[in-house]
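Subject: Structure handover

Hello,

Here is the structure for you to look over. My notes come after it.

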Amino acid sequence: PTFSLDIDNANTTAPGASNVVVRYDEEMDVTMEAPLNTPKVFTKTMDTPEAYIMHHDSYYSRLYVGNGVTRIPLGIRLRKAMNVTFQKVYNKGFSSMILLDTQTGKEYDLLTRSYTTNLLPKGDTEGRFYLVFSVIPEDEYLPDDDMTTGVDEEVETANADINIYTVNGN
């Protein structure tokens with residue numbers, strides 16, 4: 001399972017999102033590991049927030065997580081105060097990916113929508129945002145060409161005015 005998240009400046013339409021990736025490996029023990037080539041390299045762009053995964057006092061753009069890990073601390077480095085938007089780029093195998101904002105106590109489902117913060121201060125914001133997730137077991141993945149609705153077509157409904165159809169297997 002792999003999840004990719006962009007964090008972007010919500011105050012501008014200029015390109016320049018920062019990206020972090022979480023990869024789940026069920027063969028790993030209760031641990032988090034950063035591949036050797038993924039320490040976060042920070043840019044000097046004023047208008048781009050820099051997102052990173054905090055692990056062992058280091059900052060990473062990609063992290064592998066194992067069994068039992070369900071919460072990952074995020075950091076955001078800003079060169080000026082701004083609103084930032086968290087947006088899913090890619091997901092395969094995660095059944096839920098929640099952004100927890102510990103300052104507001106709110107949770108945001110990143111699999112279904114993006115989230116834009118109120119104004120964050122210049123500098124590093126750490127200890128506020130966490131990715132909290134669960135994984136679909138690999139043996140439960142459905143191939144794209146074998147999708148099922150889970151509906152028993154033999155069941156009669158009380159309201160015959162409702163019809164549900166698939167389109168191209170979706």
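Below is what I found, first for the whole chain and then for one residue.

Please keep in mind that this is a predicted model.

The chain overall

The chain has 170 residues. There are zero helices and 12 strands. Read from the N terminus, the order is β-β-β-β-β-β-β-β-β-β-β-β. Of the residues, 33% count as buried. The exposed surface of the chain comes to about 10,600 Å². Carbon and sulfur atoms supply 47% of that area. I also looked at contacts in the chain with a separation of 6 or more: 71% of them join residues 24 or more positions apart.

Glutamine 87

Glutamine 87 sits in strand β8, which covers residues 84-92. Is this residue buried, exposed or partly exposed? Glutamine 87 has 38% relative accessibility, and exposed would need over 50% while buried would need under 20%, so glutamine 87 counts as partly exposed.

What does glutamine 87 touch, leaving out residues up to four places away in sequence? The list is Ser4, Leu5, Asp6 and Ser114. With serine 114 there is also a polar contact, side chain to side chain, at 3.4 Å.

One more distance for glutamine 87: threonine 112 is 25 residues away in sequence. In space, the two are 9.6 Å apart, C-alpha to C-alpha.

To view this site, start at glutamine 87 in strand β8, then bring up Ser114 along with Ser4, Leu5 and Asp6.

Best wishes

How values were computed
Residues numbered from 1 in each chain as written. Predicted model: local features only at pLDDT ≥ 70, side-chain atom pairs only at ≥ 80, totals over all residues. Heavy atoms only, no water. Helix = DSSP H or I, 4+ residues; strand = E, 2+ residues; numbered from the N terminus. Buried < 20%, exposed > 50% of the residue type's maximum accessible area, 1.4 Å probe, protein only. Contact = heavy atoms within 4.5 Å. Polar contact = N/O pair within 3.5 Å; in protein donor to acceptor, adjacent residues only side chain to side chain. Areas by Shrake-Rupley, 256 points an atom, 1.4 Å probe, with all protein chains shown as cover.
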